[in-house]
Amino acid sequence: MTRYKLLKHGRSLHTQWMSVLDLFPETGRTHQLRIHLAGIGFPILGDDKYGDVSVRLKGKGLFLSAVEISLMHPMTGKPFQAKIEQPEKFNLFFDREQRRWGKYF
């Protein structure tokens with residue numbers, strides 16, 4: 001099971017539509033997020049295993065990143081949380097696609 005929250009969406013010449021999501025996996029299975037999103041028709045950008053093979057971004061990699069984790073610290077037993085910013089390539093690609101869409105439409 002995976003919960004998600006839509007952060008923003010927009011148009012893209014490359015993919016037609018694109019969205020930025022927060023994903024919250026409730027279980028922990030291999031490739032769970034990739035499989036769940038592809039299964040509902042919204043594969044992760046750059047996913048060459050579960051995504052649309054016609055939408056490939058050579059050299060850009062998978063647009064999926066863990067940015068926050070919360071757990072009980074194994075030594076202290078206290079809650080522990082670590083958080084980072086999402087990779088800059090996510091915003092750069094989204095913004096570029098929005099500009100390209102606006103230029104042609």
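# A guided tour, starting from the largest pocket

About 1500 Å³ of space lies in the largest pocket. A pocket here is an open set of points on a 1 Å grid over the protein atoms alone, where a 1.4 Å probe fits and protein stands on both sides within 12 Å along at least five of seven lines; its volume is the space filled by probe spheres set on the points, which are joined across faces, edges and corners. Before going further, note that this is a predicted model, in which local features need pLDDT of at least 70 and side-chain atom pairs count only at pLDDT 80 or more, while totals for chains, interfaces and linings use all residues. Residues are numbered from 1 along each chain as its sequence is written, and side-chain values use heavy atoms, with hydrogens and water left out.

**Stop 1: the lining of the pocket**

Select Ser-19, Val-20, Leu-21, Leu-23 and Phe-63, which lie nearest the centre of the largest pocket among the 43 residues that line it; a lining residue has an atom within 4 Å of a point. The elements that give two or more residues to this lining are strand S1 (2–12), strand S2 (16–25), helix H1 (32–39), strand S3 (68–72) and helix H2 (88–104). Helices (H or I, at least four residues) and strands (E, at least two) are DSSP runs, numbered from the N terminus. Colour S2 next, since S2 gives the most to the lining, with nine residues. Colouring the lining by class should show 27 nonpolar, eight polar and eight charged residues, where Ala, Val, Leu, Ile, Met, Phe, Trp, Tyr, Cys and Pro count as nonpolar, Asp, Glu, Lys and Arg as charged, and the others, Gly among them, as polar.

**Stop 2: the whole chain**

Now zoom out to the chain, which has two helices and four strands, running β-β-α-β-β-α from the N terminus on. Its C-alpha trace spans about 55 × 25 × 25 Å along the principal axes. Of its 105 residues, 18% count as buried, a word that stands for under 20% relative accessible area, with exposed meaning over 50% and partly exposed in between (1.4 Å probe, protein chains only). The chain exposes about 8000 Å², of which carbon and sulfur atoms supply 56%; such areas come from the Shrake-Rupley method with a 1.4 Å probe. Among the contacts (heavy atoms within 4.5 Å) with a separation of 6 or more, residues 24 or more positions apart account for 36%.

**Stop 3: helix H1 and what follows**

Select H1 and show the side chains of its buried residues, Gln-32, Leu-33, Arg-34 and Leu-37. What covers these buried residues of H1 includes S1 and S2. An α-helix has 3.6 residues a turn, so residues three or four places apart point the same way. Following H1 in the chain is Gly-41, whose phi is positive, near 90°.

**Stop 4: salt bridges**

A salt bridge is a side-chain nitrogen of Lys or Arg within 4 Å of a carboxyl oxygen of Asp or Glu, and by this rule the count comes to five. Begin with Glu-26 and Arg-3, whose side chains meet in a salt bridge at 2.6 Å, N to O. Glu-26 lies in the loop between S2 and H1 and Arg-3 in strand S1, so this pair ties together parts that are 23 residues apart in sequence. Glu-26 counts as partly exposed at 42% relative accessibility, and Arg-3 is likewise partly exposed, at 43%.

Move next to Asp-47, which forms a salt bridge with Arg-34, the closest N and O atoms being 2.6 Å apart. Because Asp-47 lies in the loop between H1 and S3 and Arg-34 in helix H1, the pair ties together parts that are 13 residues apart in sequence. Both Asp-47 and Arg-34 are buried.

Then select Arg-96 and Glu-97, which form a salt bridge whose closest N and O atoms are 2.9 Å apart. Add Arg-100 to the selection, since salt bridges that share partners join Arg-96, Glu-97 and Arg-100 into one network. Within it, Arg-96 is partly exposed, with a relative accessible area of 31%, whereas Glu-97 counts as buried at 0%.

**Stop 5: two backbone angles**

Finish with Gln-16, in strand S2, which has a positive phi of about 75° although it is not a glycine; Gln-16 is partly exposed, with a relative accessible area of 44%. His-31, in the loop between S2 and H1, is not a glycine either and has a positive phi of about 60°, and His-31 is partly exposed, with a relative accessible area of 29%.
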